[in-house]
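User: I would like to go through the labels used for this model and see what each one rests on. Please set each value against its cut-off.

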Amino acid sequence: MAFMMGELIYLDNAATTRVSEGVLAAMLPYFRERYGNPSSIYEFSMQSKKALVTAREEIAALIGCEPSEIYFTSGGSEADNWALCGIAEALGSKGKHIITTKIEHHAVLHACEWLEKKGWRVSYIGVDENGIVKMQELRRAVSSETVLISVMAANNEIGTIQPIAEIGQLARERGIYFHTDAVQAFGHIPLNVHAMNIDMMAASGHKLCGPKGIGFLYVRQGIPLPAMIHGGGQERGRRAGTENLPGIVGFGQAAHEAKETMQERAARQSALRDYFMDEVCRRIPYVRVNGSRKNRLPNNVNFSFQFVEGESLLIMLDMQGICASSGSACTAGSLEPSHVLMALGLPEEVAHGAIRFTLSHETTKEEIDFVIDKMEEIVAKLRDMSPFYEEIHVKNAKGAGDLR
Ligand SMILES: *Cc1c(COP(=O)(O)O)cnc(C)c1O
């Protein structure tokens with residue numbers, strides 16, 4: 001239908017989003033008209049400097065911090081790496097223990113693995129079957145050696161929203177710094193660094209209809225985080241290099257738009273998300289919704305279909321012009337099942353059958369209906385080819401079985 005008209009049904013907004021028209025319009029002048037370096041002294045550069053100030057203010061307003069606590073980076077990965085490796089470097093003499101979770105993005109997990117090679121101890125806290133961090137386990141992991149807790153605000157694969165305020169409070173009580181990878185949460189759900197006791201927070205422009213290649217690390221005033229890049233005095237001496245002004249302006253505009261629309265978009269997307277999950281569960285047997293139903297990003301849907309390979313489903317959806325994902329974009333194409341789904345305790349074959357759809361504010365009910373129809377067809381077709389399915393299906397002749 002839509003594809004025949006040459007249109008995509010793009011349901012991979014956790015991988016990246018398309019910039020909004022407002023974001024593009026805000027960025028364009030900063031390529032050819034207002035190209036001045038914000039650090040220069042003449043009048044021509046003042047508009048660049050002003051734009052930099054405004055973008056920082058827009059972003060700070062969304063998380064309740066001071067503009068001077070926002071440090072622009074090249075994206076979420078850089079911000080995560082900076083927080084973890086920087087704190088490790090600054091506080092290594094105090095203690096060499098970091099606490100994180102099993103379901104973090106690789107930007108955090110691989111930074112932790114690198115630190116382990118350098119002699120750090122890292123505790124990877126597990127999650128319950130809904131993908132929520134086990135608070136008991138986290139509490140028990142804290143020791144006098146712990147200098148940092150890093151727990152993501154919301155998961156990129158299964159959309160679970162973590163009890164960030166509770167973790168922030170625990171960290172504060174124990175005098176431990178708390179970093180959160182909020183790349184999937186920023187601009188999508190409310191965040192407040194004071195109410196949640198967050199010391200450092202990573203976010204990225206391209207996950208909220210801003211441009212790629214721009215992100216920030218929020219660093220609470222007074223935290224001894226060393227410089228990320230040495231050079232000029234940009235970003236208050238902590239992250240040198242002439243600013244990516246078009247990117248920063250676009251990110252600021254995206255934050256502004258998110259602030260204006262978050263509530264309304266979240267309500268609309270959650271309703272569509274729930275409809276999508278309910279319909280699929282009603283129409284297709286042996287399906288599981290991965291992740292919490294309750295504490296869930298408004299735009300995230302993640303299913304496992306038993307007796308179906310996620311990859312095969314993806315390829316067949318692609319032939320219909322539907323973009324979805326199995327696991328995260330970074331692990332897609334690898335044969336390993338997702339570390340997030342394995343952490344939920346799913347059997348490997350169920351983890352392999354997982355597929356993620358992430359909606360945007362532009363997603364329509366017509367698109368979702370089209371996708372559900374196609375999924376029903378494709379899953380049935382793939383199962384017809386599965387000898388296991390036939391066996392189980394005949395056993396449960398009623399066909400009412402499911403994995404929930
Ligand atoms: C996308 C993503 C990142 C990486 O951000 P980039 O800007 O692409 O480097 C980090 N963490 C999470 C949770 C993400 O979804």
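Analyst: Start with burial. A residue is buried when its relative accessible area is under 20%, exposed when over 50%, and partly exposed in between. Note that this is a predicted model.

User: Which residues of α4 are buried?

Analyst: In α4, G76, E78, A79, D80, W82, A83, L84, G86, I87, A88 and L91 are buried.

User: How do you know that the span of α4 is close to the expected one?

Analyst: Helix α4 covers residues 76–91, which is 16 residues. From its first C-alpha to its last it reaches 22 Å. The span expected at 1.5 Å a residue is 22 Å.

User: What makes Y286 count as buried or exposed?

Analyst: Its relative accessible area is 3%. The cut-off for buried is under 20%, so Y286 is buried. Y286 sits in the loop between α8 and β9 (287–289). Y286 also has a positive phi of about 55 degrees, although it is not a glycine.

User: And why is N197 called buried?

Analyst: The relative accessibility of N197 is 17%. Buried means under 20%, so N197 counts as buried. The loop between β6 (177–181) and β7 (200–204) holds N197. N197 is not a glycine, yet its phi is positive, about 50 degrees.

User: Why is H361 called partly exposed?

Analyst: H361 has a relative accessible area of 24%. Partly exposed lies between the 20% and 50% cut-offs, so H361 is partly exposed. H361 is found in the loop between β12 (354–358) and α12.

User: What does H361 touch, not counting residues up to four places away in sequence?

Analyst: H361 touches C209, R265, R268 and Q269. H361 and M262 are 99 residues apart in sequence. In space they are 9.7 Å apart, C-alpha to C-alpha.

User: On to helix packing. Why are α8 and α12 called roughly parallel?

Analyst: Helix α8 (residues 245–283) and helix α12 (residues 365–384) pack at an angle of about 20 degrees. Angles under 35 degrees count as roughly parallel, so α8 and α12 earn that label. Their axes are 10 Å apart. The crossing is right-handed.

User: Which residues make the contact of α8 and α12?

Analyst: From α8 come L272, Y275, F276, E279, V280 and R283. From α12 come K365, I368, D369, V371, I372, D373, M375 and E376. By class, this contact of α8 with α12 has eight nonpolar, six charged and no polar residues.

User: What makes α9 and α12 oblique?

Analyst: The axes of helix α9 (residues 310–318) and α12 cross at roughly 130 degrees. Roughly perpendicular ends at 115 degrees and roughly antiparallel means over 145. The angle of roughly 130 degrees fits neither class, so α9 and α12 are oblique to each other. Their axes come within 10 Å. The crossing of α9 and α12 is right-handed.

User: Which residues make the contact of α9 and α12?

Analyst: S312, L313, M316 and L317 take part from α9. K374, M375, I378, V379, K381 and L382 take part from α12. By class, the contact of α9 with α12 has seven nonpolar, one polar and two charged residues.

User: Which residues of α9 are buried, and what covers them?

Analyst: G310, L313, L314, M316 and L317 of α9 are buried. The cover over the buried residues of α9 includes β10 (300–305), β11 (322–323), α11 (348–352), β12 and α12.

Methods
Residues are numbered from 1 along each chain as its sequence is written. This is a predicted model: local features need pLDDT of at least 70, side-chain atom pairs count only at pLDDT 80 or more; totals for chains, interfaces and linings use all residues. Side-chain values use heavy atoms; hydrogens and water are left out. Axes are lines fitted to C-alpha atoms, for helices over the stretch in contact, and angles run from 0 to 180 degrees between N-to-C directions. Helices (H or I, at least four residues) and strands (E, at least two) are DSSP runs, numbered from the N terminus. Angles under 35 degrees count as roughly parallel, over 145 as roughly antiparallel, 65 to 115 as roughly perpendicular and the rest as oblique. A crossing is left-handed if the near helix is turned anticlockwise from the far one by less than a right angle, and right-handed if clockwise. Contact means heavy atoms within 4.5 Å. Ala, Val, Leu, Ile, Met, Phe, Trp, Tyr, Cys and Pro count as nonpolar, Asp, Glu, Lys and Arg as charged, and the others, Gly among them, as polar. The expected span of a helix is 1.5 Å times one less than its number of residues. Buried means under 20% relative accessible area, exposed over 50%, partly exposed in between (1.4 Å probe, protein chains only).
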